[in-house]
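Open the model in your viewer and keep the selection tool at hand. The stops below go from pockets to a charged pair, a surface patch and a few backbone details.

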Amino acid sequence: HKDRILPQGVAVGDALLGLASSGIHSNGFSLVRKLVEKEGLSYESPCPWDPSVATIGDSLLTPTKIYVKACIPLLKKGLVKAMAHIT
C-alpha cells in the first residue's frame with residue numbers, strides 16, 4: 001500500500017492536532033535520572049511534574065500510553081496527511 005505512506009499532500013492551512021502526553025516516556029528517563037541526582041531527590045520524593053501520583057517512582061512506573069489506537073480511525077478514513085512523534 002505505497003499509496004498510503006505518509007506524509008502526503010501537506011499544505012498551508014491544514015489543521016494540526018496534538019495529543020497530550022500521558023507522562024514520562026522512554027526518551028525522558030535519562031533526563032529524570034539526571035534531575036533526581038542533580039536535585040538530591042529520591043524515587044520516593046513527591047512527584048513535581050504530576051500531582052496525580054504520589055512519588056517520582058510512581059510516575060516512572062506508570063505505563064506509557066500508546067497513541068496509535070486514537071489515530072487508526074482517522075487513518076482509515078484517509079484524513080491524516082502526516083504524523084510526527086516529537087520528544
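On a 1 Å grid over the protein atoms alone, a pocket is an open set of points where a 1.4 Å probe fits, with protein on both sides within 12 Å along at least five of seven lines, and its lining residues have an atom within 4 Å of a point. Grid points are joined across faces, edges and corners, and a volume is the space filled by probe spheres set on the points. The model is predicted, so local features need pLDDT of at least 70 and side-chain atom pairs count only at pLDDT 80 or more, while totals for chains, interfaces and linings use all residues. Residues are numbered from 1 along each chain as its sequence is written, and side-chain values use heavy atoms, with hydrogens and water left out.

**Second largest pocket**

Select D3, R4, L6, Q8, L75, K76, G78, V80 and K81, which line the second largest pocket. Its volume is about 220 Å³. The lining divides into three nonpolar, two polar and four charged residues; here Ala, Val, Leu, Ile, Met, Phe, Trp, Tyr, Cys and Pro count as nonpolar, Asp, Glu, Lys and Arg as charged, and the others, Gly among them, as polar.

Stay on R4, in the segment before helix 1; helices are DSSP runs of H or I with at least four residues, numbered from the N terminus. R4 counts as exposed at 60% relative accessibility (buried is under 20% relative accessible area, exposed over 50%, partly exposed in between, with a 1.4 Å probe and protein chains only). From R4, draw a C-alpha distance to G78: 8.4 Å in space, for residues 74 apart in sequence.

**Charged pair**

Which residue forms a salt bridge with K81? Select D14: the closest N and O atoms of K81 and D14 are 3.0 Å apart. A salt bridge is a side-chain nitrogen of Lys or Arg within 4 Å of a carboxyl oxygen of Asp or Glu, and the structure holds one. K81 lies in the segment after helix 3 and D14 in the segment before helix 1, so the pair ties together parts that are 67 residues apart in sequence. K81 is partly exposed, at 34% relative accessibility, and D14 is also partly exposed, with a relative accessible area of 34%.

**Largest pocket**

Move to L17, G18, L19, M83 and A84, which lie nearest the centre of the largest pocket, out of 29 lining residues. The volume here is about 1,000 Å³. By class, the lining has 19 nonpolar, eight polar and two charged residues.

L19 sits in the segment before helix 1 and is partly exposed, at 45% relative accessible area. Its C-alpha is 9.2 Å from that of A70, with the two positions 51 residues apart in sequence numbering.

**Surface patch**

M83, in the segment after helix 3 (68–76), also belongs to a nonpolar surface patch. Add I66, V68, I72 and L75 to M83 to show that patch, with about 440 Å² of accessible area together.

**Last stops**

Select L6 and P7: a cis peptide bond joins them, with omega about 0°. P7 lies in the segment before helix 1 (29–38).

Finish at Y43, in the loop between helix 1 and helix 2 (56–61). Y43 is partly exposed, at 35% relative accessibility. The C-alpha atoms of Y43 and K69 are 31 Å apart, with the residues 26 apart along the chain.

Methods: Patches are made of residues with over 30% relative accessible area and no salt bridge: like charges are joined within 9 Å, nonpolar side chains (Val, Leu, Ile, Met, Phe, Trp, Tyr) within 5 Å. Accessible areas come from the Shrake-Rupley method with a 1.4 Å probe; for residues, only the protein chains shown count as cover. Helices (H or I, at least four residues) and strands (E, at least two) are DSSP runs, numbered from the N terminus.
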